[in-house]
Amino acid sequence: MDKMPLDIESGEIHRRTRRSVLITGAAAAIGGGLWRWLNSWSRIDGLNAPFRGVLDFNAAIARGLFREEARAPEYARSKAVRSFGRNGDIKYAELL
Amino acid sequence: MNERNDVRQDGSSSPPEKSCPPGENLPIEADALALSAQGEESNANREPDLAAGKQAKVRVEYKHSLATRWMHWINFPLLFLMIYSGILIYWADSQHEGLNAHHVYRVGIGDWKLFRFFSWWFYNSFHLKYQLAQGLAYHFFFMWFFALNGIVYVLYTFLSGEWRNLIPTRHSFAGASHVVLHYLGLSERPLPQQKFNEAQRIAYTGVVLMGMGSLLTGLAIYKPAQIHVVTGLLGGYEMARWFHFWLTLFYRAFFLVHVAQVIRAGWNNFRAMLIGYQVAPIELVKQDEVSNG
């Protein structure tokens, strides 16, 4: 990895820089295109298909790794918190 | 100047892996005007004494491998997306400030709170509201790429031997304080010539450890019942959230300092993360000349 310094023509630095900037720009454009493409899919249950697919994939992994019949740990009543955090009730009214 | 360091533009028969003996190939000449045209004025005093010539040459050092550069630049948008999606998730927690009692995402102790992250103008300005499901989906999608990129980087660092330049040594903390004093203008003692200074060693190793911490705390939040052992070791679900959140804030602090340092170091240093090579500082070239007679 730690190579000796070397002497090159200065033009080579410029040529390499131009090439790297172009590659970086192209990679950024591809990344932006991927982002748009991921968000362009039709929605399944409110999420674009690739994201829904990965959520399903994650769930399949979890089912494979963890036994569904395994019991979650139980704790003493004294350890219970007075108020628990929740992620809001937006849209709940429509569901109920 | 490819990845094997073996290209010479003048067609000479010098061994490719060695630098040219001074005096034979005009090693420190380069086109100063061309370099300054690329915005290197701020860095000009760090580069060789340049003079135009037919065989204008410049001495370069190999700094970042192709793999390191790719993983560095891939990590940049991935980290941004993880933070962005995390904020989309976090917004939902902010919905019930009173209910959630500011226990996690705040600066304070006990029942006393200095402030809570973030203000409503923040969510409004960046259109971060009402996207909890989208945020979760992004987070659980890009976490794979973020984790894979990090794991491959760590493996590469160890397999390539690059870790020797990155892992802090027992002198690093003393050295890092010297680096800080030097940059604050409180120490005139020059920094030692090395690939990464001691502060960089600590910072770059620290940020990798932070990445591991984010994965671990993220898992503890993601499956708190299934991997309750990990969640419990972290101090419970709320503490795991706290660690996860503060690690993210430290990423932002790291990013700001990192960018400030890159700007301060100049174009030559930044360009090395694009092309892999950095034009050698003039001190190094002069030292080399002296040592070679």
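1. Read along its sequence, chain A of this predicted model goes β-α-β-β-α-α, which gives three helices and three strands. Of its 96 residues, 8% are buried.

2. A sheet worth a look takes strands from both chains: it is open, antiparallel and made of three strands in the order 1(A)-1(B)-4(B). Strand 1 of chain A (6-9) and strand 4 of chain B (277-279) are at the edges, and each has a single partner strand, so one side of each lacks a neighbour in the sheet. On average, and ignoring direction, neighbouring strands here are turned by 50° against each other.

3. Within chain B, strand 1 (residues 57-62) and strand 4 run antiparallel and are joined by three bridges. If you want a pair to click on, Val60(B) has Val279(B) of strand 4 as its bridge partner.

4. What lies across these strands? Helix 1 of chain A (residues 10-38) lies across strand 1 of chain A as well as strands 1 and 4 of chain B. The helix runs at about 80° to strand 1 of chain A.

5. Now for helix 5 of chain B (residues 132-160): its 29 residues reach 41 Å from first to last C-alpha, close to the expected 42 Å. The helix nevertheless bends by about 30° at Phe142(B), and Phe142(B) is one of its buried residues. Just after the helix, Gly161(B) adopts a positive phi of about 85°.

6. Other buried residues of helix 5 of chain B include Tyr138(B), His139(B) and Phe146(B). The buried residues of this helix pack against both chains: strand 3 (47-48) and helix 2 (49-65) of chain A, and helices 2 (66-94), 6 (163-166) and 8 (198-222) of chain B.

Note on methods:
Residues are numbered from 1 along each chain as its sequence is written. Chains are lettered from A and ligands numbered from 1 in the order in which they are written. This is a predicted model: local features need pLDDT of at least 70, side-chain atom pairs count only at pLDDT 80 or more; totals for chains, interfaces and linings use all residues. Helices (H or I, at least four residues) and strands (E, at least two) are DSSP runs, numbered from the N terminus. A residue is buried if 20 or more other C-beta atoms lie within 10 Å of its own, exposed if 12 or fewer, and partly exposed in between; C-beta atoms are placed from the backbone. Two strands pair if DSSP finds at least two bridges between them. Axes are lines fitted to C-alpha atoms, for helices over the stretch in contact, and angles run from 0 to 180 degrees between N-to-C directions. Two residues are in contact if their C-beta atoms, placed from the backbone, lie within 7 Å. The expected span of a helix is 1.5 Å times one less than its number of residues. The bend at a residue is the angle between axes fitted to the seven residues ending there and the seven starting there.
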